[in-house]
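Reader: I have a chain open and would like to go through its architecture with you. Could we begin with the way its helices pack?

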Amino acid sequence: MRKVELSLKEKQKYEIIKKLVETNGNKECARIKLGLKSIRQVNRLIAGYKEYGKEFFIHGNRGRKPKHALTDELKDEIETLYTSKYFDCTYTQFTEYLADRENIFLSIPEVGQILRDRHILSPRARKLTRKNLKKNLLKSILKLHYFVLFLVEFFCLIFHYCNLIFVRKLKIL
């Protein structure tokens, strides 16, 4: 039997059903604790627990990308089109051009989200939006800067340690 990692919600559900089965507890009380609408759902959880154990409480879509999610290739294509061909358009105009000329049918908020995730703003972006983007970019640059500093210190320590070992070997010889 493999080890099963449950989320907080799944673990709570598992614990309640496990206690219910072991102590032959009250199904109505368990239904209220779990926030279910009928005792039939509690019976379904009990049957699943008895047949599959802890694995039953793992959600079936865990670790999967949603079916309706856009592919990374399409997102890259949208970014490339906006930065090369339609760079002076607003998100609304760009969405219309995508539908008319490129046969890519997306909503305006969807296009906007894709471009904002890649730090590309509309020419008509508000001051607050620009300010927030700048702040987020500075935060990510600072994180990268601290990481680089850490790596430099780490490699300096390794270099220093290696030099000490090399010097000791020379003294021995």
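Reader: Which residues of H1 meet which residues of H2?

Author: This is a predicted model. In it, Lys13, Ile16, Ile17 and Leu20 of H1 are in contact with Lys27, Ala30, Lys33 and Leu34 of H2.

Reader: And how do the residues of that contact divide into nonpolar, polar and charged?

Author: The contact of H1 with H2 comprises 5 nonpolar and 3 charged residues, with no polar ones.

Reader: At what angle do the axes of H1 and H2 cross?

Author: The axis of H1, residues 8-23, and that of H2, residues 27-34, cross at roughly 175 degrees and come within 10 Å of each other. H1 is therefore roughly antiparallel to H2, since an angle over 145 degrees counts as such.

Reader: What is there to say about phi of Asn24 in the loop between them?

Author: Asn24, in the loop between H1 and H2, has a positive phi of about 55 degrees, although Asn24 is not a glycine. Most residues other than glycine have a negative phi.

Reader: Is Asn24 buried or exposed?

Author: Asn24 counts as exposed, because its relative accessibility is 70% and the cut-off for exposed is over 50%.

Reader: Which other residue has a positive phi without being a glycine?

Author: Asn103 is one such residue, with phi near 55 degrees. Asn103 lies in the loop between H5 and H6, the latter being residues 108-117. With a relative accessible area of 58%, Asn103 is exposed.

Reader: Turning to H5, where is Thr95 and what does it touch beyond its sequence neighbours?

Author: Thr95 belongs to helix H5, which covers residues 91-102. Apart from neighbours within four places in sequence, Thr95 contacts Leu106, Ser107, Ile108 and Val111.

Reader: Buried or exposed, and why?

Author: Thr95 counts as buried because its relative accessibility is 8%, and buried means under 20%.

Reader: What about Lys85, where is it placed?

Author: Lys85 sits in the loop between helix H4, residues 72-84, and H5. Leaving aside neighbours within four places in sequence, Lys85 is in contact with Thr80 and Glu102.

Reader: How far is Lys85 from Leu6?

Author: The C-alpha atoms of Lys85 and Leu6 are 47 Å apart in space, and the two residues are separated by 79 residues in sequence.

Reader: Now the cysteines. How many disulfides are there?

Author: The count comes to 0 disulfides. As for exposure, Cys89 is buried, with a relative accessible area of 6%, whereas Cys156 counts as partly exposed at 48% relative accessibility.

Reader: Stepping back to the whole chain, how many helices and strands are there?

Author: The chain has 7 helices and 0 strands. Read from the N terminus, its elements run α-α-α-α-α-α-α.

Reader: How does its radius of gyration relate to that of a compact globule?

Author: The chain has a radius of gyration of 28 Å, whereas a compact globule of 173 residues would have one near 16 Å. Its C-alpha trace spans about 75 × 65 × 30 Å along the principal axes.

Reader: What share of the residues is buried?

Author: Of the 173 residues in the chain, 23% are buried.

Reader: Finally, what share of the contacts joins residues at least 24 apart?

Author: Taking contacts between residues at least 6 apart in sequence, 50% join residues at least 24 apart.

Terms used:
Residues are numbered from 1 along each chain as its sequence is written. This is a predicted model: local features need pLDDT of at least 70, side-chain atom pairs count only at pLDDT 80 or more; totals for chains, interfaces and linings use all residues. Side-chain values use heavy atoms; hydrogens and water are left out. Helices (H or I, at least four residues) and strands (E, at least two) are DSSP runs, numbered from the N terminus. Buried means under 20% relative accessible area, exposed over 50%, partly exposed in between (1.4 Å probe, protein chains only). Contact means heavy atoms within 4.5 Å. Axes are lines fitted to C-alpha atoms, for helices over the stretch in contact, and angles run from 0 to 180 degrees between N-to-C directions. Angles under 35 degrees count as roughly parallel, over 145 as roughly antiparallel, 65 to 115 as roughly perpendicular and the rest as oblique. Ala, Val, Leu, Ile, Met, Phe, Trp, Tyr, Cys and Pro count as nonpolar, Asp, Glu, Lys and Arg as charged, and the others, Gly among them, as polar. A disulfide is a pair of cysteine sulfur atoms within 2.5 Å. The radius of gyration is taken over C-alpha atoms; the globule rule is 2.2 Å times the number of residues to the power 0.38.
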